[in-house]
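Trainee: Got a minute to go through this one with me? I'd like to get the overall picture before the details.

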Amino acid sequence: STRGLLADRPLNVRFGLWEQGVISACPAFCRAAFDQNLLRVAEAYLEAPPTVTIITAWWSFPSTVAPRGMQHFHHDRDDFRMLKVFCYLTDVTRTSGPHEFVDETHVSTP
């Protein structure tokens, strides 16, 4: 990843991120994270009042460089009862970076 202006990124960089302080100071991100409809959905899913613990923003760039790190299939194990919400800020098609997930991997089996 890299920091700075999009136009200044090196060609071999596949993704960037905004620092937590920048995101937390952005009214649009805060409005989205604390949207009452979204919080009601989270509460229904979790069966408990939700707590917003972090707001992050990543940007994946078109690149011929091989994916690495979080761009490979991986399993987020942040907490036992959690819900992550992903929102696209740009148009996405089947060939331009859609998020993928594996069904039922959130279900714990004995």
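Trainee: Among contacts between residues at least 6 apart in sequence, what percentage join residues at least 24 apart?
Mentor: 61% of them do. Keep in mind that this is a predicted model.

Trainee: How confident is the predictor, then, as a mean pLDDT?
Mentor: The mean pLDDT of the protein is 78, with 79% of residues at 70 or more. Where pLDDT is low, the coordinates should not be read in detail.

Trainee: And which elements have the lowest and highest mean pLDDT?
Mentor: Strand S1, residues 15–18, has the lowest at 79. Helix H3, residues 36–46, has the highest at 94.

Trainee: How many helices and strands are there?
Mentor: Three helices and two strands. From the N terminus the order is β-α-α-α-β.

Trainee: How much of the protein is buried?
Mentor: Buried residues are 11% of the 110. The protein exposes about 9,500 Å², and 58% of that comes from carbon and sulfur atoms.

Trainee: Give me a residue to look at. Is Ala-33 buried or exposed?
Mentor: Ala-33 counts as buried because its relative accessible area is 15%, and the cut-off is under 20%. Ala-33 lies in helix H2, residues 27–33.

Trainee: What is Ala-33 in contact with, leaving aside neighbours within four places in sequence?
Mentor: Leu-38, Leu-39, Val-52 and Ile-55.

Trainee: And how far is Ala-33 from Ile-54?
Mentor: The C-alpha to C-alpha distance is 9.2 Å, and the two are 21 residues apart in sequence.

Trainee: Switching topic. How many disulfides does the structure hold?
Mentor: Zero.

Trainee: Why is Cys-26 not bonded to Cys-30?
Mentor: Because the two sulfurs are 7.0 Å apart, which is too far for a bond; a disulfide needs them within 2.5 Å. Cys-30 is the closest cysteine to Cys-26, going by the sulfurs. The reverse holds as well, since the cysteine sulfur nearest to that of Cys-30 belongs to Cys-26.

Trainee: What are the relative accessible areas of the two?
Mentor: Cys-26 is partly exposed at 24%. Cys-30 is also partly exposed, at 22%.

Trainee: Last thing, the surface. Which residues form a nonpolar patch?
Mentor: Trp-18, Val-22 and Trp-59, with about 280 Å² of accessible area together.

Trainee: Where does Trp-59 sit, and what is its relative accessible area?
Mentor: Trp-59 is in strand S2, residues 57–60. Its relative accessible area is 34%, so Trp-59 is partly exposed. That value also clears the cut-off for a patch, which takes residues over 30%.

Methods. Residues numbered from 1 in each chain as written. Predicted model: local features only at pLDDT ≥ 70, side-chain atom pairs only at ≥ 80, totals over all residues. Heavy atoms only, no water. Patch = residues over 30% accessible without salt bridge, like charges linked within 9 Å, V, L, I, M, F, W, Y side chains within 5 Å. Areas by Shrake-Rupley, 256 points an atom, 1.4 Å probe, with all protein chains shown as cover. Salt bridge = Lys/Arg side-chain N within 4 Å of Asp/Glu carboxyl O. Helix = DSSP H or I, 4+ residues; strand = E, 2+ residues; numbered from the N terminus. Buried < 20%, exposed > 50% of the residue type's maximum accessible area, 1.4 Å probe, protein only. pLDDT = per-residue confidence, 0-100. Contact = heavy atoms within 4.5 Å.
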